[in-house]
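Please look at the model below before reading on. The dialogue asks how certain structural labels are earned.

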Amino acid sequence: MNGSTPSLEAQLSDDEQLVWTGRGNSDRLLRRSDYVWVWIGLVLGVVAFMAAIAAVMTMFNGEPAGSLIGLLTALTLGGIGIYLVFGRFARRFARTRRAAYGITSTRVIAMRTSSEPGAAPEVVQVPITEDLVTALTTHYDGRGTITVGELELENIDDAAVVFELLQVQLARTARAQG
């Protein structure tokens, strides 16, 4: 097992066995698609900066109505640009840090604690059945995302090993049902 998570153990029924527990790796959050979004964010930031300069110059030329619209446009584009460059990673980091995953003898569990103190955690579970669709996407360093039905276990270290454990559980379920 990958370090026991007490909150996941509280979700187990009496006849269930915990096969694997783990958390997503929050150290590496950059994906290939992020390179494109970062460049788009930088371009939006440059456009926002230029729009802000144009709005200020228009204001000094005595046209406050046009400059106000230009300034609001610049602030909007700047906000979008900042989110695309920095906000995506902050959101993904927080989401990954709050997630705990588990594979049991009968289901796959993903639990995300709430960012609000005292709130109940969000628990998503997918029963292991013989017709369950699974997929593995790995990165060059062995980290990866395991898709189980509609559930994604993101940024898992040694994802291929965890995927094999899941395949073993699927085979056991198929033998027990068939």
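The following exchange sets values against definitions.

Tutor: This is a predicted model, in which local features need pLDDT of at least 70, side-chain atom pairs count only at pLDDT 80 or more, and totals for chains, interfaces and linings use all residues. Residues are numbered from 1 along each chain as its sequence is written, and side-chain values use heavy atoms, with hydrogens and water left out.

Student: Why is the contact of Arg107 and Glu16 called a salt bridge?

Tutor: A salt bridge requires a side-chain nitrogen of Lys or Arg within 4 Å of a carboxyl oxygen of Asp or Glu. The N to O distance for Arg107 and Glu16 is 2.6 Å, so the pair qualifies. Arg107 lies in strand β3 and Glu16 in the loop between α1 and β1, 91 residues apart.

Student: What makes Glu16 buried?

Tutor: Buried means under 20% relative accessible area, exposed over 50%, and partly exposed in between (1.4 Å probe, protein chains only). Glu16 has 8%, and is therefore buried. Arg107, at 12%, is buried as well.

Student: How do you know that Asp141 and Arg143 form a salt bridge, and which class of accessibility does Asp141 have?

Tutor: Their closest N and O atoms are 3.3 Å apart, so the criterion is met. Asp141 has a relative accessible area of 29% and is therefore partly exposed, whereas Arg143 is buried at 4%.

Student: What makes the pair of Glu154 and Arg112 a salt bridge?

Tutor: The N to O distance is 3.8 Å, so this pair also satisfies the rule. Glu154 lies in strand β7 and Arg112 in strand β3, so the pair ties together parts 42 residues apart in sequence.

Methods: Helix = DSSP H or I, 4+ residues; strand = E, 2+ residues; numbered from the N terminus.
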